[in-house]
Amino acid sequence: MVDVDIYVINEEEYYLMAEEVIKDTNYLYLSKVDDEDDFMIRKRDKTDPEVLISLDNDEEVKMAALVFASKMLG
């Protein structure tokens with residue numbers, strides 16, 4: 001059995017697919033437990049790493065998505 005980190009966001013459960021550190025920021029790539037097509041990216045708050053926050057803008061989303069895609073494609 002594999003241990004999976006689960007996060008509750010807006011009363012929905014998401015599992016952690018990957019976590020990457022980019023420019024001193026931890027990005028989490030999450031997929032909804034009951035719908036793997038529902039995917040999101042969050043980042044850890046720098047003052048409280050237990051808190052996950054939304055990305056600041058579309059540019060940050062694109063950058064984080066490109067890093068994830070590059071990693072998955074090898």
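**Exercise 1.** With which residue does glutamate 60 form a salt bridge, and how far apart are the closest N and O atoms?

*Solution.* In this predicted model, the partner of glutamate 60 is lysine 43, and the closest N and O atoms of the salt bridge lie 3.0 Å apart. The next step is to place the two residues: glutamate 60 belongs to helix 1 and lysine 43 to strand 4, so that the pair, 17 residues apart, links distant parts of the chain. Finally, glutamate 60 and lysine 43 are both buried.

**Exercise 2.** Describe the salt bridge between lysine 71 and glutamate 20, and classify each residue as buried, partly exposed or exposed.

*Solution.* The side chains of lysine 71 and glutamate 20 meet at 2.5 Å, N to O. This pair links helix 1 (residues 58-73), which holds lysine 71, with strand 2, which holds glutamate 20, across 51 residues. Lysine 71 counts as partly exposed because its relative accessibility is 48%, whereas glutamate 20, at 17%, is buried, since buried means under 20%.

**Exercise 3.** Find which residues form the negative surface patch, and locate aspartate 34.

*Solution.* The patch is formed by Glu13, Asp34, Asp35, Glu36 and Asp37, and its largest share, three residues, comes from strand 4 (residues 35-44). Aspartate 34, in turn, is found in the loop between strand 3 (25-32) and strand 4. With a relative accessibility of 64%, aspartate 34 counts as exposed, because the cut-off for exposed is over 50%.

How values were computed: Residues numbered from 1 in each chain as written. Predicted model: local features only at pLDDT ≥ 70, side-chain atom pairs only at ≥ 80, totals over all residues. Heavy atoms only, no water. Patch = residues over 30% accessible without salt bridge, like charges linked within 9 Å, V, L, I, M, F, W, Y side chains within 5 Å. Areas by Shrake-Rupley, 256 points an atom, 1.4 Å probe, with all protein chains shown as cover. Salt bridge = Lys/Arg side-chain N within 4 Å of Asp/Glu carboxyl O. Lys, Arg positive; Asp, Glu negative; His and termini not counted. Charge placed at Lys NZ, Arg CZ, Asp CG, Glu CD. Helix = DSSP H or I, 4+ residues; strand = E, 2+ residues; numbered from the N terminus. Buried < 20%, exposed > 50% of the residue type's maximum accessible area, 1.4 Å probe, protein only.
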